[in-house]
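Please walk me through this protein model, beginning with a single residue and then widening the view to the whole chain.

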Amino acid sequence: MIAIDPEAPGGPEVLRPVERPVPQPKEGEVLIKVAAAGVNRPDVLQRKGGYPPPPGAPSILGLEVAGEVVAANGLAEEALIGQPVCALVAGGGYAEYAVAPAGSCLIVPESLTMVEAAAMPETLFTVWVNLFERAFAADGDAVLVHGGTSGIGTMAIALGRLFGLKMIVTCGSDEKCARARELGAAAAINYRSEDFVALTKEATGGKGVQIVIDMVGGDYLPRNLQCLAEEGRHVSIAVQRGATAEIPIFDIMRRRLTLTGSTLRPRSNDFKQLVADEIDRMVWPHVREGRLRPVIDTTFPLAEAARAHERMEGGDHIGKIVLTTAA
């Protein structure tokens, strides 16, 4: 099969098509003939050598795929053969075939194209776990999300709209802010020209938000805490501006704030299956009815993965970037 499996870290130019053996599913896994694969920020970090795959995961890039199940290992898993699915994978998505734990697969409904389906698992699992399971989002909560037009940001806006949340986002341009508001954000703040702390307070009548979903880290963290209402929850999901920060401990105590966070890729298959089951029950009905779909920025053929990474690193994209295969 054709895959994108760079031999050494580097720039986008290392993402060249190569031949690799078709993987074989282990017990509890299925083999997917990949139609499309989502591109995510961790793929860029892995390409640069800063985010190695977890033990046992393939070196081929790619954390989410959509396609048809063509083989399976296990009696229960065989029921998925012939089904269109999208799946969260620990690696291996940039290829014509990929294996996935059967438990992390979701049946693709007619309301989604394969490109849209491939753009769902990574952002949907991430937002669901961090916004609803770790931050305990409830109807009426106000939420601040940085990177409002990223894949994560656009999915957070969409889920927030479905579950009665007031979504406030930051973006890097006025055009992106306008697009975020079109997608359903109650407020969108240009972090390059505006004070997101002051405007978040203004958007919440001075109270602050109940939740911050932060993929920036570094010096944003103390500013994020200023945005929180009493009993607020801060969830870190990435550290693009640094993995350390100075925080006001007494303020956390006084206002009873909670600081938490998570990473998804290293979690066990059992955990991901629990999340998939919850998404299938709580979110997938909205997908089937056409009320939830991802925002697609651009698609590229698998062989042009380098261009896809250039697009992501350029920072102009809104929503998801997706690779398509001829398999």
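In which strand is the place of alanine 66? In this predicted model, alanine 66 has its place in strand 4, which covers residues 64-72. With a relative accessibility of 0%, alanine 66 counts as buried, the cut-off for that class being under 20%. Leaving aside residues up to four places away in sequence, alanine 66 touches Ile32, Lys33, Val34, Ala35 and Ala36, and also Val85, Cys86, Met114, Ala117 and Ala118. Glutamate 19 lies 47 residues from alanine 66 along the chain, and the C-alpha atoms of the two are separated by 20 Å.

From this one position the view can be widened to the chain. The protein chain has 11 helices and 15 strands. Its radius of gyration is 19 Å, close to the 20 Å that the globule rule gives for 327 residues, and the chain is therefore as compact as a globular protein of that length. Along the principal axes, the C-alpha trace spans about 55 × 40 × 35 Å. Buried residues make up 54% of the 327 residues, and, among contacts with a separation of 6 or more, 68% join residues 24 or more positions apart. The chain exposes about 13,900 Å², of which carbon and sulfur atoms supply 52%. As for charge, the mean positions of the 32 positive and 40 negative charges are 5 Å apart.

Two helices show how burial is arranged in this model. In helix 3, which comprises residues 121-134, 12 of the 14 residues are buried, so this helix is largely enclosed by the rest of the structure. The buried residues of helix 3 include Pro121, Glu122, Thr126, Trp128 and Asn130, and also Leu124, Phe125, Val127, Val129, Leu131 and Phe132. In helix 7, residues 220-227, the buried residues are Tyr220, Leu221, Asn224, Leu225 and Cys227. These cover an arc of only 150° around the axis, which puts them on the same side of helix 7. The partners against which the buried residues of helix 7 pack are strand 8 (142-145), helix 6 (196-203), strand 11 (209-214), strand 12 (228-236), helix 8 (249-255) and strand 13 (258-261).

Proline 222 is also found in helix 7, but at 23% relative accessibility proline 222 counts as partly exposed, because the buried class ends at 20%. Proline 222 touches Ala245 and Glu246, when residues up to four places away in sequence are not counted. Isoleucine 247 is 25 residues from proline 222 in sequence, while the two are 5.5 Å apart in space, C-alpha to C-alpha.

The backbone deserves a closing look. Most residues other than glycine have a negative phi. Phenylalanine 136, just after helix 3, takes a positive phi of about 55°. Glutamate 231, although it is not a glycine, has a positive phi of about 70°; glutamate 231 is found in strand 12 and is partly exposed, with a relative accessible area of 42%. Arginine 256, likewise not a glycine, has a positive phi of about 55°. The place of arginine 256 is in the loop between helix 8 and strand 13, where this residue is partly exposed, with a relative accessible area of 40%.

Methods
Residues are numbered from 1 along each chain as its sequence is written. This is a predicted model: local features need pLDDT of at least 70, side-chain atom pairs count only at pLDDT 80 or more; totals for chains, interfaces and linings use all residues. Side-chain values use heavy atoms; hydrogens and water are left out. Helices (H or I, at least four residues) and strands (E, at least two) are DSSP runs, numbered from the N terminus. The radius of gyration is taken over C-alpha atoms; the globule rule is 2.2 Å times the number of residues to the power 0.38. Buried means under 20% relative accessible area, exposed over 50%, partly exposed in between (1.4 Å probe, protein chains only). Contact means heavy atoms within 4.5 Å. Accessible areas come from the Shrake-Rupley method with a 1.4 Å probe; for residues, only the protein chains shown count as cover. Lys and Arg count as positive and Asp and Glu as negative; His and the chain ends are not counted. The place of a charge is taken as NZ of Lys, CZ of Arg, CG of Asp or CD of Glu. The arc is that of the directions from the helix axis to the C-beta atoms.
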